[in-house]
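Reader: I am new to this structure. Could you take me through how to read it, feature by feature?

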Amino acid sequence: MQEHGRLFSRPSFTIMVWAMLDFFSALVAGFIAFRIRLDPVAQPTSHAVLRHLEATAPLISIAYLVVFCFYLVVFARLYGLYRSPEVRSGLNEQRLTMQATLTAGLMLCGTLYVMKQYTVSRVVVALTIVLTMALLMARRAMERKMIQRRFLQGRETRNVLIVGNGRVAHALRNHLQALPHMGFRFMGFVSLNNEESEGPENSQVIGNIQNCVALARSLFVDEIYFSTPAEKQTVVSVVEEARRHGIEVRVVPDLYDGLAWNAPVEFIGQFPTIPLHQREFPRGAFFIKRVLDVLLSTLALTVLSPFMLLIALLIRLDSPGPIFYRAARIGRKGRTFTCYKFRTMVANADKLREDLAQQNERDGILFKMSNDPRITRVGARLRKYSLDELPQFFNVLMGDMSLVGPRPPLASEVEKYDLSHLRRLDVLPGITGLWQVEARQDPSFDSYISLDTAYVENWNLLLDLRILARTVGVVLAGTGS
């Protein structure tokens with residue numbers, strides 16, 4: 001089912017990001033410890049000794065500090081600190097952090113003894129270990145608080161389906177609902193047989209095992225939990241189909257003997273589970289993507305704020321109505337949010353759209369027509385250079401959108417999607433995307449969907465940077481709608 005026992009079972013880039021953070025934290029702690037040790041006020045020493053230490057000790061100490069950082073990264077990985085934080089409690093994470101740091105410190109002391117490096121200050125070593133432990137524990141506590149705050153706001157939650165409707169299933173549901181800070185959202189039960197789906201007490205049974213994965217896909221489910229025994233072939237079939245759709249599958253221990261040999265038991269709160277299939281989610285890369293979103297959006301709003309004020313004034317003078325157009329759009333995992341744009345149409349444009357439906361020049365779900373009578377004079381210029389989308393930088397800062405991603409659709413469009421089309425909603429929508437730079441004038445809905453799907457399935461940071469670079473050319477060329 002799943003490969004276990006590998007040292008790097010998560011994506012190498014994600015591990016590299018968290019490992020670099022730990023490595024850098026240990027380096028900072030080491031330099032602080034070294035400065036404290038050489039501070040004449042904190043440690044009175046003769047000037048001759050100080051000059052000797054400053055001349056020889058730094059190079060040796062830095063070399064062994066790098067060795068300590070390497071030990072720390074290795075043991076942090078071995079203790080599972082680079083796995084998803086949802087599978088362990090905050091207290092357990094802090095305990096593992098202390099354990100990894102102390103083990104790395106002991107390995108450093110052993111290395112110094114074997115290499116006979118008696119000139120390396122033991123005070124510096126002790127301070128480095130203590131400061132590293134403090135920095136790592138503080139950083140991880142802050143990261144967990146930030147993640148939990150977003151969970152409580154309903155952002156980045158993990159949707160869950162539970163197979164079975166018995167005592168264990170209800171206990172698991174109650175446990176997940178009692179821990180909102182862990183970010184799990186119960187979507188319903190899936191029955192294994194007709195008896196489980198009958199009766200008023202089974203109102204939360206929303207499907208059966210035959211359509212389990214299709215149902216999970218339509219509800220943007222991230223994880224499927226087997227809480228009751230099922231035939232091995234049934235479980236294997238669900239796992240294989242779930243793997244194709246990027247959905248994780250877990251089982252409650254002791255129910256599936258022999259199905260997940262050597263698989264680690266992971267605790268969801270206090271509830272033990274065994275992963276049969278885990279999606280390789282590049283958490284570190286998405287963290288960097290979010291940092292870039294915040295930094296670049298803040299920079300853009302700061303630099304462009306005078307220009308945006310001018311646009312707002314022109315819109316006000318051009319036609320009656322609000323300056324901003326607010327529309328409910330569908331974001332990641334089907335979450336509804338308010339999308340902001342500069343108004344480019346008359347105030348009652350949405351009502352007039354029904355009268356213009358017959359003139360739609362796009363095939364399928366999308367609506368677009370040339371010489372749209374609803375567009376104002378200023379609006380036409382804004383659309384030509386995509387300036388109407390500048391307020392969406394605020395959506396990026398709020399976390400509803402990203403700089404790069406599929407365009408956020410209307411709810412009426414999503415209702416017409418096929419199951420495969422929902423793939424484009426697995427990521428945050430973006431201000432620009434692959435479709436905007438490749439085929440913005442292509443009327444084909446299939447092209448629109450295929451490019452967005454290709455972006456989701458082949459995403460990486462380099463692709464985002466390429467799309468951003470090409471967007472500048474598209475905007476300057478004035479090829480917008």
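Author: We begin with ring pairs. This is a predicted model. By the ring-centre rule, it holds four aromatic pairs. One of them joins phenylalanine 70 and tyrosine 71.

Reader: How far apart are the ring centres of phenylalanine 70 and tyrosine 71, and what is the angle between the planes?

Author: The centres lie 6.3 Å apart, and the planes make an angle of 50°. That pair counts as tilted.

Reader: Is phenylalanine 70 buried or exposed? And tyrosine 71, buried or exposed?

Author: Compare the relative accessible area with the cut-offs: under 20% is buried, over 50% is exposed. Phenylalanine 70 has 51%, so it is exposed. Tyrosine 71 has 16%, so it is buried.

Reader: How do phenylalanine 324 and phenylalanine 342 pair?

Author: They are stacked. Their centres are 5.4 Å apart, with 15° between the planes. Phenylalanine 324 belongs to strand S8, residues 324–330, and phenylalanine 342 to strand S9, residues 336–342. The pair therefore ties together parts that are 18 residues apart in sequence.

Reader: How are S8 and S9 arranged?

Author: They pair in the antiparallel sense, over seven bridges. Phenylalanine 324 stands opposite phenylalanine 342 in S9. The hairpin has five residues between the strands. In that hairpin, lysine 333 has a positive phi near 60°.

Reader: What is the general idea for side chains in a strand?

Author: In a regular strand they alternate between the two faces of the sheet.

Reader: What is the accessibility of phenylalanine 324, and of phenylalanine 342?

Author: Phenylalanine 324 is at 30%, which counts as partly exposed. Phenylalanine 342 is at 2%, so it is buried.

Reader: Now helices. How do I check the span of helix H3?

Author: Use the rise of 1.5 Å a residue. H3 covers residues 90–114, which is 25 residues. The expected span counts one residue less than the helix holds, so the steps between residues are what matter. The expected value for H3 is 36 Å. Its end C-alpha atoms are 36 Å apart, which agrees.

Reader: Which residues of H3 are buried?

Author: Start with the general idea. An α-helix has 3.6 residues a turn, so residues three or four places apart point the same way. Now the case here. The buried residues of H3 include Glu93, Leu96, Ala100, Ala104, Leu108 and Leu112. Also among them are Gln94, Thr97, Thr101, Gly105 and Thr111.

Reader: What does glutamine 94 touch?

Author: Leave out residues up to four places away in sequence. Glutamine 94 then touches Met137 and Ala141. Its C-alpha is 7.9 Å from that of arginine 140, although the two are 46 residues apart in sequence. Glutamine 94 has a relative accessible area of 17%, so it is buried.

Reader: Where does lysine 116 sit, and what is its phi?

Author: Lysine 116 comes just after H3, with a positive phi of about 60°.

Reader: Which residue other than glycine has a positive phi near 55°?

Author: Serine 386 does. It lies in the loop between helix H10 (377–384) and helix H11 (392–398). Serine 386 is at 11% relative accessibility, which counts as buried. Phenylalanine 220 also has a positive phi, of about 55°, and is not a glycine. Its loop runs between helix H6 (212–218) and strand S4 (223–226). Phenylalanine 220 is buried, with a relative accessible area of 10%.

Reader: Where does lysine 384 lie?

Author: Over the face of tyrosine 385. The distance from the ring centre is 5.7 Å.

Reader: What does threonine 471 contact?

Author: Threonine 471 is in helix H15, residues 461–477. Leaving aside neighbours within four places in sequence, it contacts Thr432 and Val437. Threonine 471 is buried, at 16% relative accessible area.

Reader: How many helices and strands does the protein chain have?

Author: The count is 15 helices and eleven strands. The chain has 481 residues, and 49% of them are buried. Among contacts with a separation of 6 or more, 74% join residues 24 or more positions apart. The accessible surface is about 24,400 Å², and 62% of it belongs to carbon and sulfur atoms.

Note on methods
Residues are numbered from 1 along each chain as its sequence is written. This is a predicted model: local features need pLDDT of at least 70, side-chain atom pairs count only at pLDDT 80 or more; totals for chains, interfaces and linings use all residues. Side-chain values use heavy atoms; hydrogens and water are left out. Helices (H or I, at least four residues) and strands (E, at least two) are DSSP runs, numbered from the N terminus. Buried means under 20% relative accessible area, exposed over 50%, partly exposed in between (1.4 Å probe, protein chains only). Rings of Phe, Tyr and Trp (its six-membered ring) pair if their centres lie within 6.5 Å; planes under 30 degrees apart count as stacked, over 60 as edge-to-face and the rest as tilted. A charge sits over a ring if NZ of Lys or CZ of Arg is within 6 Å of the ring centre and within 35 degrees of the ring normal. Contact means heavy atoms within 4.5 Å. Accessible areas come from the Shrake-Rupley method with a 1.4 Å probe; for residues, only the protein chains shown count as cover. Two strands pair if DSSP finds at least two bridges between them.
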